[in-house]
Amino acid sequence: MDKEELIQAIEKPAKQLGYRVEPKLVNKLIEDVKNEPGSLPLLQYALQELWKQSTDKCLTVAVYNKLGKSQGIKGILEKHANNVYDSLDKNEQEIAISIFIRLTQLGDGTGHTRKKVLRHKLIRANFQEKFDKVLSILSENNLITINLETLDNGQKADVVNLSHEALIRHWSKLRDWLYIHRKNNKLKKEIEEAANKWKGKEEEIDDPKDFLYTGKQLKLAENFIEKFEHILPLTADAKRFIKESQKYREEKKREEEIQKQNQYLRQKRERENQKLRIIILFTVIIAFLFIASLSSFLYFLEAQKNCRF
C-alpha cells in the first residue's frame, strides 16, 4: 500500500465511527508500517486498540505510545497476541501453539514465513471440538485467517493462514515456540536416522540391540513423543525403533534386578558362611582351651599324687 492508501486506511474507518485522528498519529502509524508486508492487518490491530482506549473520540500519539510501551505498532501487536493467548485455558493454549507452529514455515538460513494449511489437517483426532473453538477465537481476534479456497483438484476447502508475517517477527512467544520447534525438528531427524540405522543392522545381524536408544537418548525421544509428536509425527520405523528401545530397557532392567538379587543372595551366603566360620573358630578355641585346662588340671592331680609318696 502506498502512503495515500495508508492514510485512507487510517482516517476513513475512524471518521465513520466518529473519531478524530491526530495528524502526528497518522504519520507515526505510516512510519511504523511502511516497511511491513501486510500492513493493513497491523493497522487494524493498532486502531482497534486505540479505539478501545479512547475516551474523547480522539486517537492520539500519547495513547499509541502507551499501548505499545514505546515500541509502537509492534508492541501493540505483541500485547494483543499475548492477551488472546492468555485468555485460553491450558489445553487450549497447547492447541494454539500447535496451530501457530503448523502455520509457520521454518527458514533454512532465511527468515521464517507463514504457510497455508488445510483446516482439517490442523485438527487432531478426538479433539475437533476443542480445535474448532481455538480456531474460532484466533480468527475472531485477527491472529489467523480462515478462507474457503478452491484447491488444485477443483474442490473447495477451508484454508488457514497466519494473518501476516509480522506475528512471526514481532511476537516473542511465537519466536520462542519456533526456536523450540526447530530444535525438536532436529531431534525428529536424529531419531529417524537412528531408526534407519537400526533397521539396516536388524536385517544384517541377529542382535542389533547395540543400535537401540538407551539412557538419556531414550528419555529425550520419549519426551518428544509425549509433547511434540502430534506436531512433528515420526515415521512408522521410528515409532517401532522407540518401542524396541523401551522393550530393551525393560529387559536390561530385569537383568539388573536379577543380578542385584543374585548378588544379594551371594552376599547373604557369604555373611552366613563368615558367621559359621567364626562360630567354628570360637568353638575350636574354646575346645582347645578346655582341653588345655583339663590337661593342666590332670597334670596337677598327678603331681599332687606323686608328692604324697
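Okay, let's start on the surface. Phe 290, Ile 291, Leu 294, Phe 297, Leu 298, Phe 300 and Leu 301 come together as a nonpolar surface patch, and their accessible area adds up to about 710 Å². Before I go on, please keep in mind that this is a predicted model. Now take one member of that patch, Phe 290, which sits in helix α12. Is Phe 290 buried or exposed? With a relative accessible area of 55%, Phe 290 is exposed, because anything over 50% gets that label.

Let's look for charge next. There's a negative patch on the surface too, and the residues that form it are Glu 250, Glu 255, Glu 256 and Glu 257. I'll pick out Glu 257, which belongs to helix α12, running over residues 236-308. Glu 257 has a relative accessible area of 45%, so we call it partly exposed.

On to salt bridges. Here's the basic idea: side chains of opposite charge can pair when their charged atoms come close. How many salt bridges does a search of the whole structure find? The count is 13. I'll walk you through three examples.

Example one is in α12 again. Lys 247 and Glu 244 meet through their side chains in a salt bridge, at 3.6 Å from N to O. These two are three residues apart in helix α12, so about one helical turn separates them. What about their exposure? Lys 247 is partly exposed at 48% relative accessibility, and Glu 244 is partly exposed as well, at 27%.

Example two brings in the loop before that helix. Glu 229 makes a salt bridge with Lys 239, and their closest N and O atoms are 3.6 Å apart. This pair links distant parts of the chain, ten residues apart: Glu 229 is in the loop between α11 (215-228) and α12, while Lys 239 is in helix α12. Which label does Glu 229 get, buried or exposed? Glu 229 has 15% relative accessibility, so it counts as buried. Lys 239, on the other hand, counts as partly exposed at 38%.

Example three takes us over to the strands. Glu 149 forms a salt bridge with Lys 116, with 3.3 Å between the closest N and O atoms. Where are they? Glu 149 lies in strand β6 and Lys 116 in the loop between β4 (113-114) and β5, so this pair ties together parts that are 33 residues apart in sequence. Glu 149 is partly exposed at 24% relative accessibility, whereas Lys 116, at 54%, is exposed.

Since we've arrived at β6, let's stay with the sheet. It's an open sheet of three strands, in the order β5-β7-β6, with antiparallel pairing. Which strands are at the edges? Those are β5 (117-118) and β6, and each of them pairs on one side only.

Now let's go through the pairings. Strand β6, residues 144-150, is joined to strand β7, residues 156-162, by seven bridges, and the two run antiparallel. If you want to trace that on the structure, find Leu 148, whose bridge partner in β7 is Asp 158. You can also try Asn 147, which has Val 159 as its bridge partner in β7. Together β6 and β7 make a hairpin with five residues between them, and in the turn you'll find Gly 154, with a positive phi of about 90°.

What happens on the β5 side? Two bridges join β5 to β7, and these strands run antiparallel too. Val 117 stands opposite Val 160 in β7, and Leu 118 has Val 159 in β7 as its bridge partner. So how covered up is β7? Five of its seven residues are buried, so β7 is largely enclosed by the rest of the structure.

Last stop: the backbone in two loops. I mentioned a glycine with a positive phi, but here are two residues that aren't glycines. Lys 57 has a positive phi of about 60° even though it is not a glycine. You'll find Lys 57 in the loop between α3 (39-53) and β2 (58-59). Its relative accessibility is 45%, so Lys 57 counts as partly exposed. Then there's Asn 142, also not a glycine, with a positive phi of about 60°. Asn 142 is in the loop between α8 (128-140) and β6, and at 25% relative accessibility it counts as partly exposed.

That's my tour, thanks for listening!

Terms used
Residues numbered from 1 in each chain as written. Predicted model: local features only at pLDDT ≥ 70, side-chain atom pairs only at ≥ 80, totals over all residues. Heavy atoms only, no water. Patch = residues over 30% accessible without salt bridge, like charges linked within 9 Å, V, L, I, M, F, W, Y side chains within 5 Å. Areas by Shrake-Rupley, 256 points an atom, 1.4 Å probe, with all protein chains shown as cover. Salt bridge = Lys/Arg side-chain N within 4 Å of Asp/Glu carboxyl O. Lys, Arg positive; Asp, Glu negative; His and termini not counted. Charge placed at Lys NZ, Arg CZ, Asp CG, Glu CD. Helix = DSSP H or I, 4+ residues; strand = E, 2+ residues; numbered from the N terminus. Buried < 20%, exposed > 50% of the residue type's maximum accessible area, 1.4 Å probe, protein only. Pairing = 2+ DSSP bridges.
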